[in-house]
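Hello,

Here is the structure I promised to pass on to you. Have a look at it first, and then read on for my notes.

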Amino acid sequence: MSAEVGADAVVVGAGVIGSAIALELARAGRRVVVVDRAGGAGLGSTSASSAVVRYNFSTLAGVTAAWEARACWSSWAEHLGHDVGDLARFERSGLVMLDVDAAPRSGWLPLFDEVGVPYEEWDSATLAERVPGIDVGRYWPPRRINDDRFWSDAPGTLGGVYTPDAGYVTDPQLAAQNLAAAATAEGAEFRFRATVTAVESAHGRVGAVVLADGTKISAPVVVNAAGPWSGRLNELAGVGSDFTVGVRPLRQEVAHALAPEGYHPAGGAGPAIADADLGTYFRGEVGGGLLVGGTEPDCDPLQWLDDPDDVNLNPTMAVFEAQVTRAARRLPGLRVPNRARGVVGVYDVADDWTPIYDRTELPGFYVAIGTSGNQFKNAPVVGRLMATLIDRVEAGADHDAEPVSYRGVHTGLAIDLGSFSRKRERNAGSSGTVMG
């Protein structure tokens, strides 16, 4: 006989987003069951995250959420509220957003001013002085490395904007595990190696999820935080007809290399560099490493997937060489190894690279999707956004007509959840890349 379980809320997905949502729902007194197809928390897209904590977004809500989340990462043990063993750590290394024609600083610095994010504006001379060994050439637009123009001399120079309070989380998978452990301490139950095969509804609202082993978990609230499988779960629930923004799974690689000598200060990490001018970003690690990813330049084909289960999880030399060579153009002292080393993940990407945190046309069925690539940093706040949204909508609020607002615990700033609506106009200010 198949088992039947009752809960107040089911969260599908135990990545950093799903685990954060589970923690906040459990804190609010709900009986929460989390299901995930993997064998533990944070083993999906989260495990392939570069875990950069930055504040550069194209919307006020995005900047505000990131700045609020910084305070959570900076006081991680306090945020968790429970002794969960070893903790992920926030490393404050700073970040430089290099100037790029497609997203001039004049377009987003006003958002920093409104939110109160500290920053320094650097010209090319200051950039060269503050980042040892950097090439300050302006190379726009990004080109493939087999294009002769990639190697041409820079026609000009660029500067950037430095945010000293940016950095990275040392272990993204551990961060998700910390959140899951805290949620468990609050009473949440996690079921791993559990795949959802059906979403049932009754009387005009969601009623249960059914697992591959036949287990039915009945609940009046279901939250889709399934990462690259989120589209498939929406299909099972029969939702999406009123979405104006879609999501798709995208294969991504992050390369690992050894930082050039002098880039890292003794015992620390050099600043992260967001370099859309060349189509790359990189951030250091204490110990001398460098993580290098891409910013989806137009010259590179994106690896969209029809089925996230079909992904090749082995790094490829072509992508590795392209990403590290671009980073080496910016850091001439960086050596490009002859063997690919790094991690591969599948991102859940919204059409405008802005996540969807919303209800759906099926009452009780909520989504926290389109998050991969740029929402790891916001996860602690996303948990609170979704818990607030669910509480208000379940109490009768019409979020579509009058969007719910969340006020940050640390900053006191309001975050308009309408900015993350499934029905929004596509974010025209988006860079169309992982930068948001």
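Let me start with a loop. Pro141 sits in the loop that links strand S8 (137–138) and strand S9 (156–157). The peptide bond between Trp140 and Pro141 is cis, with omega at about 0°. Please keep in mind throughout that this is a predicted model.

A second backbone detail turns up at His203, whose place is in the loop between S13 and S14. Its phi is near 55°, which is a positive value in a residue other than glycine. The surroundings are easy to picture: S13 and S14 make a hairpin with two residues between them, and His203 belongs to the turn. Strand S13 (residues 196–202) and strand S14 (residues 205–211) run antiparallel and are joined by six bridges. Ala202 stands opposite Arg205 of S14.

There is also an open sheet to look at. Three strands make it up, in the order S4-S11-S5, with antiparallel pairing. Its edge strands are strand S4 (52–53) and strand S5 (90–92), each of which pairs on one side only. Between S4 and strand S11 (residues 167–169) there are two bridges, and these strands run antiparallel. If you want a residue pair to find this on screen, Val53 has Gly167 in S11 as its bridge partner. As general background, the strands of a sheet pair through backbone hydrogen bonds, either parallel or antiparallel.

Now to the helices. How do helix H2 (residues 60–74) and helix H9 (residues 379–394) cross? Their axes come within 7 Å and cross at roughly 110°. Angles of 65 to 115 degrees count as roughly perpendicular, and H2 and H9 are therefore roughly perpendicular to each other. On the H2 side, the contact is made by Ala65, Glu68, Ala69, Cys72 and Trp73, while H9 brings Pro380, Val381 and Arg384. By class, the residues of this contact of H2 with H9 are six nonpolar, no polar and two charged.

Last come the cavities, which may be of interest for your own work. How many cavities of 30 Å³ or more are there? The count comes to two.

The largest cavity has a volume of about 70 Å³. Its lining is made of 13 residues, and those nearest its centre are Phe57, Thr59, Gly62, Thr354 and Pro355. The lining of the largest cavity divides into four nonpolar, nine polar and no charged residues.

The second largest cavity holds about 50 Å³ of space. Around it you will find Gln252, Glu253, Val254, Tyr281, Gly293, Gly294, Glu296, Tyr347 and Val434 as lining residues. Strand S17 (247–258) and strand S20 (289–294) each supply at least two residues of that lining. Which element gives the most to the lining of the second largest cavity? That is S17, with three residues. By class, this second lining has four nonpolar, three polar and two charged residues. Charged residues thus appear in the lining of the second largest cavity, whereas the lining of the largest cavity has none.

If you open the model with these notes beside you, you could begin at Pro141 in its loop between S8 and S9, go on to His203 in the loop between S13 and S14, and finish with the two cavities.

Best wishes

Methods: Residues numbered from 1 in each chain as written. Predicted model: local features only at pLDDT ≥ 70, side-chain atom pairs only at ≥ 80, totals over all residues. Heavy atoms only, no water. Axes fitted to C-alpha atoms, helices over the stretch in contact; angles between N-to-C directions. Helix = DSSP H or I, 4+ residues; strand = E, 2+ residues; numbered from the N terminus. Parallel < 35°, antiparallel > 145°, perpendicular 65-115°, else oblique. Contact = heavy atoms within 4.5 Å. Nonpolar A, V, L, I, M, F, W, Y, C, P; charged D, E, K, R; others polar. 1 Å grid on protein atoms, 1.4 Å probe; cavity = no way out; pocket = protein on both sides within 12 Å on 5 of 7 lines; lining within 4 Å. Points joined across faces, edges and corners; volume = space filled by probe spheres on them. Pairing = 2+ DSSP bridges.
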